[in-house]
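User: Hello! I am new to this one, so could you walk me through its helices?

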Amino acid sequence: MKKLIIAGFAIATLGLTSCSEDDDAPTEQLATCTDGIQNGNETGIDCGGACAPCEGEGDGDGNGQVPVDEDLSGLLTDDFTLTNDVIWEINGKFVVGDGAVLTIEPGTIIKGAEGTGSLASALIVARGGQIMAEGTAEEPIIFTSINDNIELGQKQGSNLDENNRGLWGGVLILGRAPSSFEGDSEESQIEGIPADDDFGRYGGNDPEDNSGVFKYVSIRHGGALIGSGNEINGLTMGGVGTGTVIDHVEVVGNVDDGFEWFGGTVNSSNLVAFAGGDDGLDIDQSYSGTITNALVIQGAESDHALEIDGPEGTFQDAFTIEDLTIIGDPTAPSGEIADLRDGARGAFNNVFVRGFNDGQDVEIDDDGSAANYADGSLSFSAWEVVLPEGVDSVSAIFVDTTESTDFSSDASDFATAVEQDEETVGADLSVFDWTYASFRGAF
């Protein structure tokens, strides 16, 4: 494999050894195979070794064949498009640098290589970079593991399911929108990226910052370990601004959180977090956007469906969650509905909850969050709950561990017990027919 050093990173040539004569690499054109083996009769450079594996018989002249994989690694400094006629492979960190635009065609499959620590594979859209990933319900963009046997034109493979986790890293989008950091710093280093990697910085003072479009995307089997107790989320958003579109995104079987917002202002809609190993939706550092129409489906290894933290500095803002459905797994040993802590601020409106056991609840876990509940900056409205067996009222579901508010006794003001399939609030599940979760019959 030939590599080109760009801005201090080793980036594999995109469009390595192609079986097509029109492979448009942003760096250089390598050999075109006519017989699947580089033996001297190629068009272009004969660099020895085997050609990339090909699909299709072709016509003997290289026409009609497509390469099975193309390698992605290092820092992208120029605009580039991932086409849907090949399967792309991320090896290590693939970073969309400041000023570069990565476009991904509908129906494209991207597979992450195995690796942990500094070798964990991940797609990182750095501050100033953009991703234009616009899939469709018919042709979603799929990020998955190199171990997944999914093939071109398919929406799922047959050898992995939602319980296969940690097989690669994940996707991180970083921006320049305001966030609340310890010491009132304007920027910070994102979770999951080592501190000495500058492309992991996020935060700023532009609430309308635009990191691109991320639409109809499924992220599967990620969350590789990069350090002790430190895994990569399915989709991490750090300081992402309202100019960015996050819509119709699914995370399946991630070791860490499905979605995590570290500050920022981006609005996010039509989200599915399915069978994660930690939290479904995780909010930190005064994220202040609106999350609309979301579905969290817990698995046996899941922790909290919602984990909500407040500001780390003096800057304070609040999120809104509208139209949320949470489906629990009563076998999950720590599968809480929600944990509200560290001065959590925000609003939860139109929420439907089912499938939990009598020990799984919504908890206010610190005095700061309790004070915010008391003054209305942490609020709840229109919740409907299918009561677990052995629970006779919604009051038992809502717990203030600080015992400084009337959270439990107030529950009847904002929450109602209902039977399953009789709910009137929650997510519109019909929009999730395109997802892997739907294919697996998870809702």
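**Two helices and their faces**

Analyst: Happy to. On α1, the face turned away from the buried side carries Asp-367, Ala-374 and Asp-375, which are exposed. Please keep in mind that this is a predicted model.

User: Thanks! Which residues of α1 are buried, and why do they line one face of the helix?

Analyst: The buried residues of α1 are Ser-369, Ala-370, Asn-372 and Tyr-373. Looking down the axis of α1, these residues fall within a certain arc, so they line one face of the helix. That arc is 160 degrees.

User: What covers the buried residues of α1?

Analyst: The cover includes several strands: β27 (338–341), β29, β30 and β31. It also includes a helix, α2.

User: What happens at the start of α1, and what phi does Gly-376 take just after it?

Analyst: At the start of α1, a side-chain oxygen of Asp-366 comes to within 2.8 Å of the backbone nitrogen of Gly-368. Just after α1, Gly-376 has a positive phi, with a value of about 90 degrees.

User: Now for α2: why are its buried residues on the same side?

Analyst: Helix α2 spans residues 407–414, and Phe-407, Ala-411 and Phe-414 are buried there. Around the axis they are on the same side of α2 because they cover an arc of only 75 degrees.

User: Which exposed residues are on the face of α2 turned away from its buried side, and what do the buried ones pack against?

Analyst: The face turned away from the buried side of α2 carries the exposed residues Ser-412 and Asp-413. The buried residues of α2 pack against α1 (367–375) and the strands β29 (362–364), β30 (378–385), β31 (398–400) and β32 (415–417).

Conventions. Residues numbered from 1 in each chain as written. Predicted model: local features only at pLDDT ≥ 70, side-chain atom pairs only at ≥ 80, totals over all residues. Heavy atoms only, no water. Buried < 20%, exposed > 50% of the residue type's maximum accessible area, 1.4 Å probe, protein only. Helix = DSSP H or I, 4+ residues; strand = E, 2+ residues; numbered from the N terminus. Arc of directions from axis to C-beta. Contact = heavy atoms within 4.5 Å. Polar contact = N/O pair within 3.5 Å; in protein donor to acceptor, adjacent residues only side chain to side chain.
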